[in-house]
Amino acid sequence: MVDETGLGDHLADLAASGQRCAVPPAAERIRARGDQRRRRRQAVLTSGGVVLTTALAMGILSPAGFGPQPAPAAVRPTAPGTSWFVPPTPAPGEEYASEFGYVYDGVLLEGNTVQVTVKQLRTGVVHRVAVPAQTPVEVKQVADGKPGDMRLGELLGRLGTGPRWVFAVDYDSEGRIQSLREAFWLTVK
């Protein structure tokens with residue numbers, strides 16, 4: 001079969017001229033481009049690590065926040081004068097939800113009940129709550145540096161009238177305080 005249009009010859013000439021004119025990139029240019037890509041990648045990885053470390057150190061990001069989170073509260077108070085406090089809800093499969101807060105200004109009420117003020121560490125929301133005097137409390141610094149278990153009613157004189165002692169307050173699924181654990185590593189003397 002004869003090529004009457006000459007297209008085959010034309011394409012062959014074009015390919016041959018392309019091979020003559022094409023110059024492969026120099027080895028130095030290839031290495032330089034590879035080094036540049038490697039330096040960019042290393043800079044990105046390093047800066048990402050620095051940002052992550054800074055965020056962890058400043059408390060903006062918490063490694064504990066990477067797991068399952070408790071569901072947000074369904075109801076927000078709308079009446080004026082109502083507290084904005086909403087107790088945390090335990091995550092699925094968990095018995096309690098904990099939140100850090102200052103516990104202070106304890107008063108013994110009638111019926112073996114203690115009323116305390118809790119100032120949430122994360123949000124700063126302050127609320128008063130009535131808790132049974134027999135509520136268990138794990139202590140260390142509050143008990144003069146001796147770790148042990150006490151009852152909330154025994155701590156009334158030690159809590160003081162202002163924010164000083166930080167506790168992990170454990171709430172059940174009904175929003176009731178079940179126990180307190182002193183977060184002595186967060187307490188400022």
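**Exercises on Glu182 and strand E6**

The backbone nitrogen of Gln141 lies 3.0 Å from a polar side-chain atom of Glu182. The model is predicted.

**Exercise 1.** Place Glu182, decide whether it is buried or exposed, and find which backbone nitrogen lies 2.6 Å from a polar atom of its side chain.

*Solution.*
- Step 1. Locate the residue. Glu182 sits in strand E7, residues 177-182.
- Step 2. Check accessibility. The relative value for Glu182 is 5%. Buried means under 20%. Glu182 therefore counts as buried.
- Step 3. Find the atom pair. The backbone nitrogen of Lys140 is 2.6 Å from a polar atom of the Glu182 side chain.
- Step 4. Add the other contact. The Gln141 backbone nitrogen is at 3.0 Å from a polar atom of that side chain.

**Exercise 2.** Determine how many residues of strand E6 (residues 166-171) are buried, and which way each points.

*Solution.*
- Step 1. Count. In E6, 6 of the 6 residues are buried, so the strand is largely enclosed by the rest of the structure.
- Step 2. Sort the side chains. Val166, Ala168 and Asp170 point one way. Phe167, Val169 and Tyr171 point the other way.

**Exercise 3.** Trace the strand partners of E6, using Asp170 as the marker.

*Solution.*
- Step 1. Take E1, residues 97-109. E1 and E6 run antiparallel, joined by 6 bridges. Ser98 has Asp170 as its bridge partner.
- Step 2. Take E7. It pairs with E6 in the antiparallel sense over 5 bridges. Asp170 has Ser179 as its bridge partner there.
- Step 3. Examine the connection. E6 and E7 form a hairpin with 5 residues between them. Gly175, in the turn, has a positive phi of about 85°.

Conventions
Residues are numbered from 1 along each chain as its sequence is written. This is a predicted model: local features need pLDDT of at least 70, side-chain atom pairs count only at pLDDT 80 or more; totals for chains, interfaces and linings use all residues. Side-chain values use heavy atoms; hydrogens and water are left out. Helices (H or I, at least four residues) and strands (E, at least two) are DSSP runs, numbered from the N terminus. Buried means under 20% relative accessible area, exposed over 50%, partly exposed in between (1.4 Å probe, protein chains only). A polar contact is a pair of N or O atoms within 3.5 Å; within protein, one must be able to donate a hydrogen and the other to accept it, and residues adjacent in sequence count only if both atoms are side-chain atoms. Two strands pair if DSSP finds at least two bridges between them.
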